[in-house]
Amino acid sequence: MSKDTSEQWVSRNTLAWLLVAQAVSILPLFTYLPVWVPLVWALSLLWRIQIYRGAWSFPGNKAKAFLGALCIAGLLLSYAGTLGVEPLVAFLVVSFVLKLLEVRSRNDVLLVVYVGFIAVAAQFLFFQTMFIALYGFISVLILISAWSCIYRSQPLPIKKQLWLASVLVFQSLPVMVLLFLVLPRFGSLWHVPLPKQTGITGFSDTMSPGDFSALSQSSKIAFRVSFESSLNDSMPSREAWYWRGLVLDRFDGRSWNHDEQTLFRRNTNKRDSILNNVPTSWGLVVPQAPDVFRYEVLMEPHQQRWLFTLMTPLSVQSSANKVLFVSDYLVKTRKPIASRTQYKVVSTSQYLAAPSGLSAYSYSKNLELPIGSNPRSVELARQWLGEGIRGYDLVIKALSMYNASFSYTLRPPPLGTHSVDEFLFFTQKGFCEHFASSFVVLMRAAGIPARVVVGYQGGQLNPVENYLIVRQSDAHAWAEIWLPNKGWLRVDPTGAVSPLRIERGLEASLNDEERALISSVFRGAWLNALNLRLDAMSYSWHQWVLGYDTDKQLSVLKRLFGGTEAWRIGAFFVAIITGFLLIYFIFLTWKGAVEYQYPEQALYAKFVKKLKRKGFSPEVGETPQAFSERISREKKQWAAQVRGITRLYLRIAYEDQSQLLEQLRRHVKALKLS
């Protein structure tokens, strides 16, 4: 008695496809898994190949229990018993690869293939780019090819196997797109908590001499910005592209950090109608109808809580994160940004920040200097005061000093304990953090409240989709000072030394030797154009696929259906499905001819077709051999040709003599029936 097909052993071809499919499905996941997980997969792969060769045996129950316990212990040690996305995916991958050791039957192959589809879905928990989507599509094709292998008695060429899998996938695409458009959006799957080491980029919450000059050599993207265009708003000039992220107001003589007490404090008092969501504790003074800039930021993960905004934000909206307005005119989220995040901002340049005065705490905090630190810098500021220089004239005096004898460089000399004194009176060569830090120290010593602001300045316009690309090399530090009746004012001492840094960007402000330090592989004109086009494709992918939220869906549905009522969507859905089925039916009817999986079947069909023209057709249940003998008895003059073609077909189809295909083709073509 023959075994049930589900219990039959897998063929060599099926096993080969299965091994490739598993490797392709889990390969991207290895980036985020412990290093021993790929080793477990390599061991399982080797063991399975040796089993097929007959060199090793299948693992027994004790061996499987030992391997399972060992892997679980490894997961517990690697993740310290914590739960989350990464350990769960690691458990899935370990189970997936160990299952390979006991694959015996077709049912086992099906189980491995099904888990492979889950592994492909897990890829999108860690990567959401357009390229990983293409990779996932390829992974699905290979999995479907492995799936179909278990139902074939003979292997197909690789191209044919992949083509058949592609046909299945493309046939489902219309329904996939339709469901994507109309199904309700329940939030983004891609904002699940990921490991803290994921996507760490940018500056930290402290600043020391040399921090930003090192960061400037990175061409990684920090975020992208697209501005809405209307009659009342437009893109500001490049000189105004200051993206505020964090205020540093504590100085220990060398390094700056932020005041922990000001984080996540927000005022819930009644708000002015013009200031929308802004807390009244900010003390903003804004005209009744200010000119505003509306823009959308797509930020890369940086594992910090701060968001970047242009100038002072009036409104910030994010569907994926809880946004908090905090002191110092900043915006933060409750949780660190661990995946690509999109948020909308409304900003204005027409405002005064706390012009009526600061609180006693804020005033004294922004005048603090460590006792005995940088004495020569403090003495210089007091000397200016003794000369009768006051208010904004002190700013002009300091900027004139920088402009007269200081230079801007990516490779500033190292500084010691009294870093500001050494910079101002000895080295006089620095990067943005040197100028911002020393300027704030001078202002505080002169009695003007001041602080350091860190973020980004500038960006690269991508003309393909008309948005800005802000890179890590655009990281910047500048100063803010407070003056009575004027409030907080931005002062960038770097601009006094190197105006090109503000007007045209970092690369334009450097000499040829230093420019080589930040040049990327896309420096050539056509390579840069290619890079911009690829980035524009990635940006559009996030905007219209990953960023397809409820608002975008409602907009699309209104354009497509004229409304969002259920009956409109249902009628359109039924009409589209009916249309696809009708097109498919017409295609099958027009095509007419039967497709054959194997070339010998197509050749034999041509042979039978020629016989039908002479009135001979195979009867129901009649084998090719019996059909051949019946014709040979009735038409003896055809016997040699008919028997020869039938014999060739049977040898190819049942004895795997594929080298006879060309001979069969010649005999069928040469068949003459008279």
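What share of the contacts in the chain with a separation of 6 or more is between residues 24 or more positions apart? The share is 73%, where a contact means heavy atoms within 4.5 Å.

## The chain as a whole

Welcome to a predicted model, in which local features need pLDDT of at least 70, side-chain atom pairs count only at pLDDT 80 or more, and totals for chains, interfaces and linings use all residues. Residues are numbered from 1 along each chain as its sequence is written, and side-chain values use heavy atoms, with hydrogens and water left out.

The chain has 23 helices and 20 strands; these are DSSP runs numbered from the N terminus, with helices being H or I of at least four residues and strands being E of at least two. Of the 674 residues, 48% are buried, that is, under 20% relative accessible area with a 1.4 Å probe and protein chains only. The accessible surface is about 34100 Å², and carbon and sulfur atoms hold 60% of this area, computed by the Shrake-Rupley method with a 1.4 Å probe.

## The five-stranded sheet

One open sheet has five strands in the order 8-3-16-19-20, with antiparallel pairing; two strands pair if DSSP finds at least two bridges between them. At its edges are strand 8 (309–310) and strand 20 (487–491), each paired on one side only. Further in, strand 16 (residues 450–457) runs antiparallel to strand 19 (residues 475–483), and seven bridges join them. Ala450, for instance, has Ile481 in strand 19 as its bridge partner.

Helix 13 (residues 432–445) lies across strands 16, 19 and 20, at about 15° to strand 19. Such angles run from 0 to 180 degrees between N-to-C directions, with axes fitted to C-alpha atoms, for helices over the stretch in contact.

## Two buried residues to look up

His476 is found in strand 19 and counts as buried because its relative accessibility is 0%. Beyond residues up to four places away in sequence, His476 touches a set of residues including Cys432, Val453, Val454, Asp492 and Arg501.

Phe308 sits in the loop between strand 7 (292–299) and strand 8. With 3% relative accessibility, Phe308 is buried too. Its contacts, leaving aside neighbours within four places in sequence, include Phe203, Trp243, His302 and Tyr343. Gly455 and Tyr456 are among the contacts of Phe308 and also among those of His476. Ala222 is 86 residues from Phe308 along the chain, yet their C-alpha atoms are separated by 9.9 Å.

## The six-stranded sheet

A further open sheet has six strands in the order 9-12-7-2-18-17, again with antiparallel pairing. Strand 9 (312–317) and strand 17 (460–462) stand at the edges with a single partner strand each, so one side of each has no neighbour in the sheet. From one strand to the next, the twist averages 30°.

Strand 9 runs antiparallel to strand 12 (residues 341–348), joined by five bridges, and Val316 stands opposite Val345 in strand 12. Helix 17 (residues 525–546) lies across strands 2, 7, 12, 17 and 18, running at about 105° to strand 18.

## Helices together

Helix 2 (residues 36–53) and helix 3 (residues 61–79) have axes that come within 11 Å and cross at roughly 165°. The two are therefore roughly antiparallel, the term for angles over 145 degrees. Where they meet, Trp36, Val40 and Trp47 of helix 2 face residues of helix 3 including Leu67, Cys71 and Leu75.

In helix 21 (residues 624–634), the buried residues are Phe627, Ser628, Arg630, Ile631 and Ser632. Their cover includes helix 20 (599–613) and helix 22 (639–655).

Technical notes: Buried means under 20% relative accessible area, exposed over 50%, partly exposed in between (1.4 Å probe, protein chains only). Angles under 35 degrees count as roughly parallel, over 145 as roughly antiparallel, 65 to 115 as roughly perpendicular and the rest as oblique.
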